[in-house]
Structures are given as C-alpha cells and as structure tokens.
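Subject: Structure handover

Hello,

The structure is below, with the sequence. My notes on what was found in it follow.

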Amino acid sequence: MSEELAQGPKEGPPAPQPAPREVWKKGGRLLSVLLAVNVLLLACTLISGGAFNKVAVYDTDVFALLTTMMLAAALWILFYLLRTARCPDAVPYRDTHAGPIWLRGGLVLFGICTLVMDVFKTGYYSSFFECQSAIKILHPIIQAVFVIVQTYFLWVSAKDCIHAHLDLTRCGLMFTLTTNLAIWMAAVVDESVHQAHSYGSSHSNASHGRLTLDPERAGSSVGGEPCPCDTAVCQIFQQGYFYLYPFNIEYSLFASTMLYVMWKNVGRLLASSHGHGHTPTRVSLFRETFFAGPILGLMLFVVGLAVFIIYEVQVSGEGGQTQQALVLYYSFNIVCLGLMTVVSLGGSVIYRFDRRAMDHHKNPTRTLDVALLMGAALGQYAISYYSIVAVVVGLPRDLLGGLNLAHALLLIAQHTFQNVFIIESLHRGPPGDEPQATPPKEPCHGLTFANLDALHSLPACPPTPRLVDPHPASPQEAMAIILAPRGHWRRRCLKDISLFLLLCNVILWVMPAFGARPHFSNTVEVDFYGYALWAAIVNICLPFGIFYRMHAVSSLLEVYVLS
C-alpha cells in the first residue's frame, strides 16, 4: 500500500504533457501559414504581372513556377501516402465530418473535366510546337498528373487526423493548398483576360489595351512573337479549354477547402474514432419531399438554360439585340432571386418551430463552410453596391436601369437570407434530436391510444397483460413514433426548400461561369466608372461570387441530408 502511495505522485507529473503539444501546435501552424503566404505572394506577383502587355513577365515564367509547385506538391502527397500505408498508427482518429461523399464526388467530377481541359491545352500548344516553348506543353501534362494524384489523396485521406511528423505534414498540406490557390488565380486571370480581349475586340476601344492581351499572346513564343493558330483543330482546342476553365477553377477551390480541413485536423484528438455530431445518414433523393421544390427548381433550371443560350446568341450577334438580351436576362434573374429570397425566409420561419437542439460540438468543416459562405458573398455584395450607385446617380434612367437596380437589390437580399438559412441548418442537430415528451411512469403495454391528449392526461397506466409484439419498442420509442407526424411536414418542407435552392444556385453558377457578363454588355457601370476600374472590380469580385454558388450547392446538399 505504501508503495502505491509512493508511486502515485511520480505518475502525476507526466499527465499535463498535452500542454506543450498545444503550444507547439500553434507554432507549427504559424510556420506553415508563413510558408504558404510567401509562396502565394510570389505566385500572385508572377501571375498578375504576366497578365499585362507592358510587364516583361511572360506566361512561360508563370507556367514554369506552377509546374514546379505541382511537382513538389505531388511528390509530398506520394510521401504522405507511403508513410501512412507503412505506419497505420500515424492516423489514430478520423473526422467523420470531413470530406463528405458529395464533396468528394464533386471533386472527382471537376477533376475529370480538368483532365479533359489539360488534353485540350496539350493539343492546342502542340499545334505549333516549332515556335513554342517546351514548358507550355509540359505544364498541362504535369497538371494532369497532379490532379490524378491529389484526387486520389483527398478521396482516401480527407478524414485523417494524422499524428506523425506534425510540422512537416502541416507545411506539406499548406504548400499543396497554396498550389491549388495559385492554379485557381492563374485560371481566373487567364479567363478574365480572355473576356476583356473579347470585349475590347467587339468595341474596338484602344484604351482597353492595358488590360487585354495581344490576340495571340496566349500562344506567343518566348520572344513575344505570335504563333499561328490558323487550323480548325487548333481553334477547336483553343475554344474548348476556355470553356472548361470553370471546372478547373471549382476543382482548385474544392481541393483547397478539403486540404484546409485536413490541416486543421493535424494532431487533433477526438473522444472516439467516430467523433461527435451527426451520424452518417442515408441519402434518399426526392423520397421525403412534397415534390414542389424539385419540380419548380427543375423548371427554373431549364428556363435558365434557355435564357442563357438566347443571351449568348443575341449578345455575340451583330443584329443589335443586346438590350433585348439584357432585359430577358435581368427579368429571369429577378424572378429567380425573388423566389429564392422568399423560400429562404420560409425556411428560417420553419426553424422557429423546429425543436431540434443546436449542435455546438467542435467541427472544423462546418466552421470553414460558414466562413466561406460569408466571405464569398462579399464579392457579389461589392458588385451589387457598385451597380446600385451607378444606376441611382448615373444616367439614363430607363427600363434597363430599373431592372439592373432591382437585380442588384435582390442579389443582396438573396445572399443574406440564404446564408441565414444555410448556417442555421448546419448548426441544427440530426433528425431525432427533438426533446421527447415525458412518457407515463409505468410502461403501458397492450394499450392503443387514438387521442394524443388523452395519452398526456393519464397519470399512470394500470398494469395489463403483456401482449406479444413482433417489433417491441420501449415507451420512449413508442412516444417518438406517436409524435413523429408532428415534425414530418417540417422535414419535408425543409427538404423541398433545400432542393429548390440547390437547383437555382446551379443555374446561377452556370450563367457567369460559362461567360455571361451583363456587367459589360450593360454600359451603365462602364460609362459611370470607366472600363478600367469597372473591369478590375468585376474581375476581382466575380470569381468569389461564382465560387459562392457552387459552395452553396454543396452546403444545401448537406442541409437536405440533415433535414
């Protein structure tokens, strides 16, 4: 006994060991963030400098940097996979919230489209191999390898809470995240320059030359002399990979969000291997809905595709039908945004009657989702407020100006109320968390209650013989079955709302992602701010607005599953 008492104090001091780990955890995170910031700033400097004609930075310099970063990130990923395969104890916990199946499925879909884009890019640059730098042909090939390796890595390791080589893992994850952000920025700049060049060519305005590339700059040699792209195959490749840029952009952003969650989970301790919070739910699409939301959403999706096609044809044509196309485009968006605003408000009202408890468990995935929703919405807020000022202060005040003003105001309202609905939905507990009514003190076996009020009024139930039940249930389960119809209509309404908003966000992503730019077709803002300032505002803010739509789609799918 004395030996046990003597050994007790000796075992006490090692207990507070997690404290130094927490201190170094912050230091390791700081080190990885500093590495990411410096690499990202270097990449941003080269990418932005290569977008201007008067800056002596060529796209070959940008391609060389991106190729080097992708090779380094791919090598680190292979090292991580080999290390975890040889040492399974390096991942003692797995975060059930991280990397849901719909997020990984979206990553695979966008990854496949990115591979197709790389094939088109390789074919395009190979069309004039004689006057082209080898790095331009090597870049899409290395990107294809990087996409394949990274997609497999995120598919199998997105839930890992690794506990080996913590600082090296944090730095590797942050460097891979930075590589994806650099690829995203390069794609956004390339697409913005392409849009600006198309606008400058159609308007023949020499003052736009500072923001646009030469007609063949994308295919220019190292010396800046253009390479000919005069064959039909070359032009098909060129147009094809520009249309696939939106998928490459979304792939980079999806991968970045998953890598950030993995970075947050490095060294994380969980109470159990399953973690806390929502248990996996089986997805049954359209099974528990009133079908009103999916049907109305599909109708708006089909109509939106038709409006988008008509808009693109009329704006790119020479018949002078731009104003008609803008009226049609704004009218559809006003109707769609108005319905989305009302439906989001309805969902928030339904939650006032929802008795599910709020989920306050630590969840890095949900924290990131909320931050991205709020942050990405700022891009569309900025464009909307600039448009409001231009329409209210500027001239002329006609039908198109009124539609533009209504569109900008509804965009602000829709983003606000949709964010409120999604964020509240993500913080709700899973189905079945409703507080149960207090059952009778004595088990009431063999009784059938047709009146729920009568059930609550009974102080106790007389003992009755037990009846043989093929599916016996406890009194609490019986009460849950009796009370289930009360909340069933709420769940159905929430699922309808989620699917309707999901389909609407998809069509509102398709339009700007594939080239709809009413910001330039409508000359109100261009005349008010000047092309240079307005182009800078749109090209900086619009990519965040496009990302917001796709991120809202993934969040609404999670809301649908949790409802």
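**Two helix pairs**

Helix α11 (residues 364–393) packs against helix α12 (residues 399–426) at an angle of about 165 degrees, and their axes are 9 Å apart. Angles over 145 degrees count as roughly antiparallel, and α11 and α12 are therefore roughly antiparallel to each other. The crossing of these two helices, α11 and α12, is left-handed. In the contact of α11 with α12, the residues divide into 17 nonpolar, 8 polar and 2 charged. Please keep in mind throughout that this is a predicted model.

Another pair to look at is helix α4 (residues 101–126) with α5. Their packing angle is about 165 degrees, with the axes 9 Å apart. By the same reading, α4 and α5 are therefore roughly antiparallel to each other. The crossing of α4 past α5 is left-handed. The contact of α4 with α5 is made by residues that divide into 14 nonpolar, 8 polar and 4 charged.

**The chain as a whole**

The protein chain has 17 helices and 2 strands. Of its 563 residues, 49% count as buried. Among contacts in the protein chain with a separation of 6 or more, 87% are accounted for by residues 24 or more positions apart.

**L107 and T151, on α4 and α5**

These two residues give a residue-level view of the second pair. L107 is found in helix α4, and T151 in helix α5 (residues 134–157). Buried means under 20% relative accessible area; L107, at 1% relative accessibility, therefore counts as buried. T151 has a relative accessible area of 13%, so T151 is buried as well.

Which residues does L107 touch, not counting residues up to four places away in sequence? They are T151, L154, Y251, F254, A255 and M258. With the same kind of exclusion, up to four places away in sequence, T151 touches L107, V108 and Y251. Y251 thus appears in the list for L107 and in the list for T151.

Two C-alpha distances go with these residues. L107 and F247 are 140 residues apart along the chain, and their C-alpha atoms are separated by 9.7 Å. T151 and F110 are 41 residues apart in sequence, with 10.0 Å between them in space, C-alpha to C-alpha.

**α9 and α10**

Helix α9 (residues 292–316) has 25 residues, which at 1.5 Å a residue should span 36 Å; the end C-alpha atoms of α9 are 36 Å apart, so the two values agree. Which residues of α9 are buried? They are G293, P294, G297, L300, G304, V307, F308, Y311 and Q314. For reading that list: an α-helix has 3.6 residues a turn, so residues three or four places apart point the same way.

Two residues of α10 have contacts with α9 residues in their lists. L326 lies in helix α10 (residues 322–351), and L328 lies in helix α10 too. Is L326 buried or exposed? L326 has a relative accessible area of 2%, so L326 is buried. L328 has a relative accessible area of 33%; the partly exposed class runs from 20% to 50%, so L328 is partly exposed.

Leaving aside neighbours within four places in sequence, L326 is in contact with Y311, L400, P518, S521 and N522. Y311 is one of the buried residues of α9. With its neighbours within four places in sequence left aside, L328 is in contact with V307 and I310. V307 is also among the buried residues of α9.

How far apart in space are L326 and R517, C-alpha to C-alpha? The distance is 9.9 Å, for two residues 191 apart in sequence. For L328 and V307, 21 residues apart along the chain, the C-alpha atoms are separated by 7.0 Å.

**A backbone detail**

H165 has a positive phi of about 50 degrees although H165 is not a glycine. H165 is found in the loop between β2 (160–161) and α6 (166–203).

Regards

Notes: Residues numbered from 1 in each chain as written. Predicted model: local features only at pLDDT ≥ 70, side-chain atom pairs only at ≥ 80, totals over all residues. Heavy atoms only, no water. Axes fitted to C-alpha atoms, helices over the stretch in contact; angles between N-to-C directions. Helix = DSSP H or I, 4+ residues; strand = E, 2+ residues; numbered from the N terminus. Parallel < 35°, antiparallel > 145°, perpendicular 65-115°, else oblique. Left-handed = near helix turned anticlockwise from the far one by under 90°. Nonpolar A, V, L, I, M, F, W, Y, C, P; charged D, E, K, R; others polar. Buried < 20%, exposed > 50% of the residue type's maximum accessible area, 1.4 Å probe, protein only. Contact = heavy atoms within 4.5 Å. Expected span 1.5 Å × (residues − 1).
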